[in-house]
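Me: Could you take a close look at one part of this structure for me? I'd like to hear about a single helix and the loop that comes after.

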Amino acid sequence: LVVRRKEQPGCREDAFDRRRKKALSALVDGADRSPKGFLDARIEDFVAEVNREDDVFTTSTCSGRISVMVQKDVIKAKGGQWIYSTHDIANSTEIISSLRNVTDKNCTVTFRLEPFVMAMECRSLGRAKALMGAAISTGFRESGIAHFTDRIVLTIRTSIRVEAPILSLGHRLVSDESLRILTELANVKMKENWRRVRALREAWHGLSR
């Protein structure tokens, strides 16, 4: 049994409530801590449902992304620039065309499928564990809880992904046909990603009743 804490009239606002209020205020203004900086349309309604609960709030989300990124340092995997990015089904012709814009001979270009991720702060460890159980049961087996001194953060994620270098130091590593096959594979995995998100949302509804 998970007992949810409800705010009572006259109850003093605690640190969790203050952080929640600040995060939700930022969402109203269209801001999100994901790299893009705002919510993906595909999961906007789901995020709103999560944030209607008074014992959790989202801090960063992504519905899933297929992208092509140019990076100077692939070892540190920091920084870089997207030359193609979509949260929908990818278009191989557009991906192949995007490579024509790469003029730097000292970079690496990587094709990626990154799956759905949702990070949220929970008021209690019990609530976080209940939500993690729902996530794992719907295919998000990489989910985990980080229990800090003053906060509890649940990150819901799955291992569905694709990552492959396609250009390095000015040399194409894969042919156009291989890129088309890679894109098709990523699209199949993206559809499975969406199926798991739908299952997670249904499980969330069950916990919220």
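Reply: Let's start with the loop between H4 and E6, which is where Gly 139 sits. Keep in mind that this is a predicted model. Coming just after H4, Gly 139 has a positive phi of about 105 degrees. Its relative accessible area is 9%, and with the cut-off for buried set at under 20%, Gly 139 therefore counts as buried. Who are its partners? Setting aside the neighbours within four places in sequence, Gly 139 is in contact with Thr 158 and Arg 196. Then there's Arg 157: 18 residues separate it from Gly 139 in sequence, and the C-alpha to C-alpha distance is 8.8 Å.

Now back up to the helix itself. H4 takes in residues 125-137, so 13 residues at 1.5 Å a residue should span 18 Å, and the end C-alpha atoms are indeed 18 Å apart. On the buried list for H4 you'll find Arg 127, Ala 128, Ala 130, Leu 131, Ala 134 and Ala 135. These residues cover an arc of only 165 degrees around the axis, which means they're on the same side of H4. Turn to the face that points away from that buried side, and you meet the exposed residues Lys 129 and Ser 137.

And what's sitting over the buried residues? The cover includes four strands, E1 (56-62), E5 (117-122), E6 (144-147) and E7 (152-157), along with helix H5 (176-208). E6 turns up twice in this picture, as part of that cover and at the other end of the loop that holds Gly 139.

Methods
Residues numbered from 1 in each chain as written. Predicted model: local features only at pLDDT ≥ 70, side-chain atom pairs only at ≥ 80, totals over all residues. Heavy atoms only, no water. Helix = DSSP H or I, 4+ residues; strand = E, 2+ residues; numbered from the N terminus. Expected span 1.5 Å × (residues − 1). Buried < 20%, exposed > 50% of the residue type's maximum accessible area, 1.4 Å probe, protein only. Arc of directions from axis to C-beta. Contact = heavy atoms within 4.5 Å.
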